[in-house]
Amino acid sequence: MLKAIIKRSLPGFKLDVELSTNRDLLVVLGPSGSGKTMTLQCIAGLCRPDEGYIELNNRVLFDSAKGVNIPPGKRKVGFVFQNYALFPHLSVVDNIAYGIRNLPTTEATEKIKNLLALLHLEQLGDRLPRQLSAGQQQRVAIARALAPEPEIILLDEPFSALDTQLRERLELELLTLYDGFNGSMVLVTHDLTEGYRLGSRVAVFQSGNIIQHDSKEAIFGEPVNRTVARLTGVRNQMDGVVKSATNGNAEIYVPAWDAYLTVTVRRLPVIPGQRIVLGIRPEFIELAQKAGENVFSVTVLQAVESIAVTSCRFRLRQDTQGRHPLSATLAKSQIRDLRDGEECLIYLPPKQLIIMNE
């Protein structure tokens, strides 16, 4: 189990975070410059916090109050860098062997052989990094991190330089690897889909702080505020007022549209008169065939087709000044062609609407 309280100040930036993970694959999301990589570096011992406490499986790695600061090589922390950071003059085998140089030769050789097989590198042991593809380099970096048998592996955007097809394949390989790994993993990523697919828990960073740290279902389904919602892909957000709340549902008035919506209430308690923020993901907006609850007449402002979906911007009829358009991502297999300027009906499912504190 990892417990970390980290405080570090730089000119114009202050990191102040507290996180924990217990054999989870913890995903760290957040914009560039929010402190994600610095947090991993502090856990690994590559960067020293000004204040804080870091504990891994009941071993204290850092304690500013007691002057404890275990060197990186003794922390049992594996680190996979964004650019892989392989030694360019060393072969694949020698890169993997770097962290286990003190083991007996026979034991080290057997371990390297097993890692080469595990990560499909058997035929590449004698090659230098420049002779490898990006995906192969990434596998070598993971093998090198695994070689010393770490208790936790930190991965700093390991798939960011890969094309989509290769990234998806290596993500599946990472999940398989994780299933056989007797420890925790922390993965930094900008990719929301990747974060949801890989993670069991998520920490959302913003300006050096963690603004929500929970299960991925709670992070994506029940963001605590506008910022978490925006960072996790809830592009549609409207101010609202609770008119009534009974039997697990709430009636919300949206002034910008002069309209009422029915919303399924989840964990956040609501009371009549409360000001809230209402959100819905573009993927959950549907086309409707007839008038009804949560159905609105809209004009298509823009429709852009991709291979499997059509991305649309809609203006509600009540939004006469066009200040609060809705973004929608509609599966092409379930809709007809939409053209700019066309009128249609959309449906906002009550269970997919998110209530957040103002």
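Buried means under 20% relative accessible area, exposed over 50%, and partly exposed in between, computed with a 1.4 Å probe on protein chains only. The exercises below concern a predicted model, in which local features need pLDDT of at least 70 and side-chain atom pairs count only at pLDDT 80 or more, while totals for chains, interfaces and linings use all residues. Residues are numbered from 1 along each chain as its sequence is written, and side-chain values use heavy atoms, with hydrogens and water left out.

**Exercise 1. The salt bridges of Glu151 and Glu149**

Find which side chains meet Glu151 in a salt bridge, and then determine whether Glu149 is buried or exposed.

Solution. Begin with the principle that side chains of opposite charge can pair when their charged atoms come close. Here a salt bridge is a side-chain nitrogen of Lys or Arg within 4 Å of a carboxyl oxygen of Asp or Glu, and the structure holds 8 of them.

Next, take Glu151, whose side chain meets that of Arg59 in a salt bridge with an N to O distance of 3.5 Å. This pair links distant parts of the chain, since Glu151 lies in the loop between H4 and E8 and Arg59 in strand E5 (residues 59-63), 92 residues apart. Helices (H or I, at least four residues) and strands (E, at least two) are DSSP runs, numbered from the N terminus. Glu151 also meets Lys76 in a salt bridge, at 3.8 Å from N to O. That second pair again joins distant parts of the chain, with Lys76 in the loop between strand E6 (68-69) and E7, 75 residues from Glu151.

Then compare the settings of these residues: Glu151 counts as buried at 19% relative accessibility, whereas Arg59, at 26%, is partly exposed, and Lys76 is partly exposed with 45%.

Finally, turn to Glu149, whose side chain forms a salt bridge with that of Lys111 at 3.0 Å, N to O. The two are 38 residues apart, with Glu149 in the loop between H4 and E8 and Lys111 in helix H3. Glu149 is exposed, with a relative accessible area of 54%, but Lys111 is buried, with 17%. Salt bridges that share partners join Arg59, Lys76 and Glu151 into one network.

**Exercise 2. The surroundings of helix H4**

Work out how many of the residues of H4 are buried, and which elements they pack against.

Solution. Start with the dimensions: H4 has 13 residues and reaches 19 Å from its first C-alpha to its last, close to the 18 Å expected at 1.5 Å a residue, where the expected span is 1.5 Å times one less than the number of residues.

The count of buried residues is 10 of the 13, so H4 is largely enclosed by the rest of the structure. Among the buried residues are Gly135, Gln138, Arg139 and Leu146.

To finish, identify the neighbours: the buried residues of H4 pack against strand E7 (77-80), helix H2 (92-97), H3, strand E8 (152-156) and helix H5 (164-179).

**Exercise 3. The ring of Tyr98**

Establish how the rings of Phe87 and Tyr98 are placed, and which charged end sits over the ring of Tyr98.

Solution. Rings of Phe, Tyr and Trp (its six-membered ring) pair if their centres lie within 6.5 Å, and planes under 30 degrees apart count as stacked, over 60 as edge-to-face and the rest as tilted. By this rule the count comes to 5 aromatic pairs. In one of them, the centres of the Phe87 and Tyr98 rings are 4.5 Å apart and the planes stand at 45°, so the pair is tilted. Phe87 lies in the loop between E7 and H2 and Tyr98 in the loop between H2 and H3, so the pair ties together parts that are 11 residues apart in sequence.

As for accessibility, Phe87 is partly exposed at 26%, and Tyr98 is partly exposed at 38%.

The last step concerns charge, which sits over a ring if NZ of Lys or CZ of Arg is within 6 Å of the ring centre and within 35 degrees of the ring normal. The charged end of Arg101 sits over the ring of Tyr98, 4.0 Å from its centre.

Technical notes:
Contact = heavy atoms within 4.5 Å.
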